[in-house]
Amino acid sequence: MNRPYIFCHMMTALDGKIMGSFMKTPEGRAAGDVFYNISFGDKPYYKHQGWLSGRITTDDNFTFYEKPDLDENAEPVEDGDFVAQPDAGMYYVSVDPSGKLGWKSCDLTYIDTHAHVLEVLTEQASNAYKAFLRRLGISYIIAGEDALDYELAMEKLKNLFHIDTLMLGGGGVLNWSFIQAGMCDEISLVIAAAADGSEKTPALFSTRGRFDADKAIGFELQSAKVKDGGSLWLRYLVRSKSDIE
């Protein structure tokens, strides 16, 4: 398999929502700690070299909808990918097809986890945006013309950055698209003993765009553990792409 092993690690409310006021309850905070410790704590269960999210998740958590500082008259950059740090140890991988995120630095910190920023672009990203990333020392790969080429992107993450295990932690659309593309091997789900019933917050999985078909997919339960605050940690294997098709 010429791509990383990919596990989707998420925390939800009892009603399957991945955001909302439930996170501020004692049960939600306890589940949040469980979620972090499984993936990033002192003794994490997963030994991954990066985690991947989409543009909106990145803006919500790290770039806060800032605009990139572009130089429209920048000299043409070299074609292809830009590897600023080939062995960073931990990468934050952001799928940003047309290049919109307003980064301020090539590194970020999530609680006490430090990571090098790595952008996944398509050919739609402008020369000005790629020059902006190079100026900050942010690595990027090109995968697809006008839409993400999942297989190519994952191959490049493995071959250029030595990412053998990758955590998928996007919004519902990105998570589901990876599953439908056959690019997710495992689901790791922490369920908080709380809910808020909101109709405005996103769910764990959602269809849209090229993966908008309501096609059901089965999962194979691997383990179920009761954790702090009444939360549950469930692990499932995803059926293979051939089974999905």
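**Helix α1, the largest pocket and the loops of a predicted model**

Eight residues need not be sought at random along helix α1: its buried positions are Gly28, Ala30, Ala31, Val34, Phe35, Tyr36, Ile38 and Ser39. The structure discussed here is a predicted model. The helix runs from residue 26 to residue 39, and at 1.5 Å a residue its 14 residues should span 20 Å; the end C-alpha atoms lie 21 Å apart, so the expected and computed lengths agree. An α-helix has 3.6 residues a turn, so positions three or four places apart point the same way. The cover over the buried residues of α1 is supplied by strands that include β1 (5-12), β4 (107-110), β5 (113-121), β7 (165-168), β8 (186-191) and β10 (232-238).

One of these strands, β10, leads to a hairpin. Strand β9 (residues 219-226) runs antiparallel to β10, and 7 bridges join the two. Valine 226 has leucine 232 of β10 as its bridge partner. Between the strands of this hairpin stand 5 residues, and glycine 229 adopts a positive phi near 70°. Serine 231 also belongs to the loop between β9 and β10. Its relative accessible area is 0%, and serine 231 is therefore buried, the cut-off being under 20%. Beyond its neighbours up to four places away in sequence, serine 231 touches Ala31, Val34, Val190, Ile191, Ala192, Lys225 and Val226. Two of these contacts, Ala31 and Val34, are themselves among the buried residues of α1.

Helix α1 also takes part in the largest pocket. This pocket holds about 1500 Å³ of space. Its lining comprises 49 residues, and those nearest the centre are Gly54, Ile56, Thr57, Gly170 and Gly171. At least two lining residues come from each of β1, α1, β2 (50-54), α2 (55-63), β3 (91-95) and α5 (172-180). The greatest contribution is that of α2, with 6 residues. By class, the lining divides into 25 nonpolar, 16 polar and 8 charged residues.

Helix α2 merits a separate look. Its buried residues are Thr57, Thr58, Asp59 and Thr63, and they pack against β2 and β3. Thr57 thus appears both among the buried residues of α2 and among the residues nearest the centre of the largest pocket. After α2 comes phenylalanine 64, which has a positive phi near 55°.

Positive phi values occur at two further loop positions. Isoleucine 111, although not a glycine, has a positive phi of about 60°, and its place is in the loop between β4 and β5. With 58% relative accessibility, isoleucine 111 counts as exposed because it passes the cut-off of over 50%. Histidine 162, likewise not a glycine, has a positive phi of about 60° and lies in the loop between α4 (150-161) and β7. At 40% relative accessibility, histidine 162 counts as partly exposed.

The last residue to consider is leucine 136, in helix α3 (residues 127-136). Its relative accessible area of 24% makes leucine 136 partly exposed. Leaving aside residues up to four places away in sequence, leucine 136 touches Trp103, Lys104, Ser105 and Cys106. For cysteine 106, which is 30 residues away along the chain, the C-alpha separation from leucine 136 is 5.8 Å.

Notes
Residues are numbered from 1 along each chain as its sequence is written. This is a predicted model: local features need pLDDT of at least 70, side-chain atom pairs count only at pLDDT 80 or more; totals for chains, interfaces and linings use all residues. Side-chain values use heavy atoms; hydrogens and water are left out. Helices (H or I, at least four residues) and strands (E, at least two) are DSSP runs, numbered from the N terminus. The expected span of a helix is 1.5 Å times one less than its number of residues. Buried means under 20% relative accessible area, exposed over 50%, partly exposed in between (1.4 Å probe, protein chains only). Contact means heavy atoms within 4.5 Å. Two strands pair if DSSP finds at least two bridges between them. On a 1 Å grid over the protein atoms alone, a cavity is a set of points where a 1.4 Å probe fits but cannot get out, and a pocket is an open set with protein on both sides within 12 Å along at least five of seven lines; lining residues have an atom within 4 Å of a point. Grid points are joined across faces, edges and corners, and a volume is the space filled by probe spheres set on the points. Ala, Val, Leu, Ile, Met, Phe, Trp, Tyr, Cys and Pro count as nonpolar, Asp, Glu, Lys and Arg as charged, and the others, Gly among them, as polar.
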